[in-house]
Every structure is written in structure tokens, then in C-alpha cells.
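I opened my notebook to follow one strand and the parts around it. Here is what I looked up, entry by entry.

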Amino acid sequence: GQGKNRLSSIASLRFFDTFAQAAFDSSFNLPSPPAQPVVDVATDHGKVVLSWDAASRNNYNQPGYKFEGYNIYQGASVAGPWTLLATYDELTPPAVVFDAVFDIESGQIIPLFPVALGSNLGVRFTHTITQDAVRGGNLNDGTQYYFAVTSYSYNGAGKPKVLENPQTPLSIIPQRAAAGTAYATASATPVTHL
């Protein structure tokens with residue numbers, strides 16, 4: 001464990017040892033998070049529309065865990081840090097999931113920290129972004145932004161309670177469509193997966 005000093009490093013080691021012990025006790029048969037959603041991107045003047053498939057929701061089968069929802073993030077760079085924009089979760093409780101986490105700054109275990117911020121308003125497969133959550137203001141044409149869509153599952157008795165796949169950055173530049181574009185036949189703007 002790595003902390004801010006020698007004592008917090010020991011506290012970190014003890015916290016993460018509980019996960020190592022649980023992995024050992026289960027013969028390293030560890031559950032996986034849902035599959036990474038496949039994301040399509042469309043852009044327009046000051047706007048980004050992210051759309052993703054339902055495979056991670058429909059094909060998830062891990063003992064004890066059930067699919068719970070999708071998180072949409074904006075990154076300050078390709079490597080983050082990431083700002084949560086929205087969560088679309090199942091209609092079933094709990095909406096907000098609390099779990100124990102180790103805080104490096106204080107060197108303490110926070111027993112009830114929110115690790116999933118749902119709303120129980122239902123799962124969606126599209127999200128429109130017009131505001132820059134990192135720098136503030138509207139999205140600007142010709143400016144590169146980084147977004148990611150993840151999926152996560154939940155087990156109230158699990159260790160950890162939430163399994164989420166990592167952010168796969170999408171590099172997106174909002175821009176107007178070329179003059180004369182027929183929107184009914186236009187395809188999505190190309191996106192770079194980093």
C-alpha cells in the first residue's frame with residue numbers, strides 16, 4: 001500500500017489486504033465488470049451526442065452481481081482526471097451505492113463513501129453534451145474533448161460492491177456539418193479510440 005507517509009502506507013496495505021484475502025478465499029475466481037460499451041459519436045455545432053449498444057447490459061452474467069447502469073465521463077486529458085457527467089441506472093434500488101474506500105490524503109478508511117451515483121430513473125443509451133464540465137462554458141467547435149462511457153454492476157454483499165470497467169477515452173472535436181450535408185443520410189463523425 002502506498003500512502004502519504006509510513007503510517008498511512010500501512011493503513012493502505014491493511015485495507016487492500018482484505019481484497020487480496022477475499023480473492024485467495026475464492027481461489028482467485030473473481031467476478032468481472034460488464035463489458036465495455038461500444039460507443040458511436042455524432043457532432044454538430046457546440047454539441048456531442050454519444051450513443052452506445054446494450055450488449056454490456058444484455059450479456060452480463062456474474063455470480064452475485066447484476067448489471068446496474070452506465071456512467072458518462074469527461075476527461076481533462078486523455079488520461080484524466082475524469083468528471084462524472086451522468087449516470088443512467090436500472091429502476092431498482094439502491095440508487096446511490098456506498099462502500100468503504102481508502103483516502104490517500106488522510107490515510108484513513110472512509111466506511112460509507114458513495115461509489116455509484118445513480119438516480120433510479122432508468123437506463124438510457126444516448127447522452128447529449130453541450131457544456132464543458134472541465135473548463136466550464138459551452139463546448140467549442142474545433143476544440144478537442146475527451147469523453148468515456150462505462151458500465152457497472154452491483155452486489156450489496158460483494159467486495160467491492162461495484163464493478164466498473166475502466167474509462168476508454170474517446171477524442172472528439174465538435175464541428176458543424178459540411179455545407180450541403182443531408183442529415184437524413186449523414187453518418188456519425190469519425191472518432192479516435194485512444
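**Entry 1: strand β8.** I began with β8, residues 145-154, in this predicted model. Is β8 enclosed or open? I found that 10 of its 10 residues are buried, so the strand is largely enclosed by the rest of the structure.

**Entry 2: which way the side chains point.** I remembered that side chains in a regular strand alternate between the two faces of the sheet. In β8, I saw Tyr145, Phe147, Val149, Ser151 and Ser153 pointing one way. Tyr146, Ala148, Thr150, Tyr152 and Tyr154 point the other way, and the residues of both sets are all buried.

**Entry 3: the partners of β8.** Which strands pair with β8? I noted β3, residues 66-75, which pairs with β8 in the antiparallel sense over nine bridges. One place to look is Tyr73, whose bridge partner in β8 is Ala148. Next I checked β10, residues 170-172, which is antiparallel to β8 and joined to it by three bridges. There, Phe147 stands opposite Leu170. Strand β9, residues 162-164, also runs antiparallel to β8, with three bridges between them. On that side, I found Ser153 opposite Leu163.

**Entry 4: the loop with Pro166.** Between β9 and β10 there is a loop, and Pro166 sits in it. Is Pro166 buried or exposed? Its relative accessibility is 58%, and the cut-off for exposed is over 50%, so Pro166 counts as exposed. I also looked at what Pro166 touches: leaving out residues up to four places away in sequence, I got Gln36 and Thr150. Along the chain, Pro166 and Val149 are 17 residues apart, and their C-alpha atoms are separated by 9.0 Å.

**Entry 5: the cores.** I kept in mind that nonpolar side chains tend to be buried together in soluble globular proteins. Here, the largest nonpolar core has 21 residues, and Val48, Leu50, Trp52 and Phe147 have the most contacts inside it. Which elements give two or more residues to this core? They are β1 (39-44), β2 (47-52), β3, β4 (82-89), β8 and β10. Apart from this core lies another, of five residues, including Tyr152 and Tyr154 as well as Val97 and Ala116.

**Entry 6: a closer look at Leu50.** I listed the contacts of Leu50, setting aside neighbours within four places in sequence. Among them are Phe147 and Val149, which I had met in β8. Leu170 is on the list too, and I had already noted Leu170 opposite Phe147. Others include Val39, Val41, Ile72, Phe125 and Ile172.

Technical notes. Residues numbered from 1 in each chain as written. Predicted model: local features only at pLDDT ≥ 70, side-chain atom pairs only at ≥ 80, totals over all residues. Heavy atoms only, no water. Buried < 20%, exposed > 50% of the residue type's maximum accessible area, 1.4 Å probe, protein only. Helix = DSSP H or I, 4+ residues; strand = E, 2+ residues; numbered from the N terminus. Pairing = 2+ DSSP bridges. Contact = heavy atoms within 4.5 Å. Core = buried A, V, L, I, M, F, W, Y, C linked by side-chain atoms within 4.5 Å.
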